[in-house]
Amino acid sequence: MRVMAFDYGTKRIGIAVTDPLQIIATGLDNIHPNNIIEFLKKYLQTEQVERFIVGEPKQMDNTPSQSAPHVKGFVNLLKKTFPEMPVEMVDERFTSKMASATIAQSGMNKKNRQNKELVDTISAVILLQSWMERKI
């Protein structure tokens, strides 16, 4: 079964998913928070997902960041809507910087490098990849 990760933002949520064998993390999509539940219900009709991974926003001193209440609300919504689905939090510090660096090194043109949706999707991939590496 797949594992799905979310890089939550108030404007968009970057989504990544593993392959069924949980070997490779791939960017899936970017969804507006208002549309995420509808998107997930459709996705879960055709794909088996065993758990959700959500980026936990923390500051350098390990305290919750300003966006933590929004993420907590998102996690609560996931748990309420999909009560059978385990939800795990993963520290998301530096994922956006790592995503931006990855995009910069890819040789993409400037317009694509500044695409915030791409950054959010790659951040979700990095979150998911770090979760997969921890479970080995």
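This is a short tour of a predicted protein model, with a suggestion at each stop for what to select in your viewer.

**The whole chain**

Start with everything shown as a cartoon. The protein has five helices and five strands, and from the N terminus they follow the order β-β-β-α-β-α-β-α-α-α. Of the 136 residues, 43% are buried. If you turn on the surface, you are looking at about 8000 Å² of accessible area, and 51% of that area belongs to carbon and sulfur atoms. Among contacts with a separation of 6 or more, 62% link residues 24 or more positions apart.

**Colour by confidence**

Next, colour the model by pLDDT. The average is 85, and 79% of the residues score at least 70. Where is confidence lowest, and where is it highest? Select helix α3 (residues 95–105) for the lowest, with a mean of 59, and α1 for the highest, at 97.

**Helix α2**

Now select residues 68–81, which form helix α2. This helix has 14 residues and spans 20 Å from its first C-alpha to its last, close to the 20 Å expected at 1.5 Å a residue. Show the side chains of Ala68, Val71, Phe74, Val75 and Leu78, which are buried. Then look down the helix axis: the buried residues of α2 fall within an arc of 120°, so they line one face of the helix. An α-helix has 3.6 residues a turn, so residues three or four places apart point the same way. On the other side of α2, pick out Pro69, Lys72 and Lys80, which are exposed.

What do the buried residues of α2 pack against? Add β1 (2–7), β2 (13–18), α1 (36–46), β4 (49–56) and β5 (87–91) to your view, and you have their packing partners.

**The largest nonpolar core**

Select Phe6, Ile36, Leu40, Phe52 and Leu78 as sticks. In the largest nonpolar core, which has 22 residues, these five touch the most other members. β1, β2, α1, β4 and α2 each supply at least two residues of this core, and α1 gives the most, with five. In soluble globular proteins, nonpolar side chains tend to be buried together.

Centre the view on Phe6. Leaving out residues up to four places away in sequence, Phe6 touches Ile13, Gly14, Ile15, Ile36, Leu40, Phe52, Ile53, Val54, Gly55, Phe74, Leu78 and Leu127. A second, separate core has 12 residues, including Ala25, Ile53, Ala124 and Val125.

**Ile53**

Move on to Ile53, in strand β4. Is Ile53 buried or exposed? Its relative accessibility is 0%, so Ile53 counts as buried. Apart from neighbours within four places in sequence, Ile53 is in contact with Val3, Met4, Ala5, Phe6, Glu88, Val90, Leu128 and Trp131. For a distance to try in the viewer, pick the C-alpha atoms of Ile53 and Pro86: they are 8.6 Å apart in space, while the two residues are 33 apart in sequence.

**Gln22**

For the last stop, select Gln22, in the loop between β2 and β3 (25–31). Check its backbone: phi of Gln22 is near 60°, a positive value in a residue other than glycine. Gln22 is also buried, because its relative accessible area is 12% and the cut-off for buried is under 20%.

Methods
Residues are numbered from 1 along each chain as its sequence is written. This is a predicted model: local features need pLDDT of at least 70, side-chain atom pairs count only at pLDDT 80 or more; totals for chains, interfaces and linings use all residues. Side-chain values use heavy atoms; hydrogens and water are left out. Helices (H or I, at least four residues) and strands (E, at least two) are DSSP runs, numbered from the N terminus. Buried means under 20% relative accessible area, exposed over 50%, partly exposed in between (1.4 Å probe, protein chains only). Contact means heavy atoms within 4.5 Å. Accessible areas come from the Shrake-Rupley method with a 1.4 Å probe; for residues, only the protein chains shown count as cover. The expected span of a helix is 1.5 Å times one less than its number of residues. The arc is that of the directions from the helix axis to the C-beta atoms. A nonpolar core is a set of buried Ala, Val, Leu, Ile, Met, Phe, Trp, Tyr and Cys residues joined through side-chain atoms within 4.5 Å. pLDDT is the predictor's confidence in each residue, from 0 to 100.
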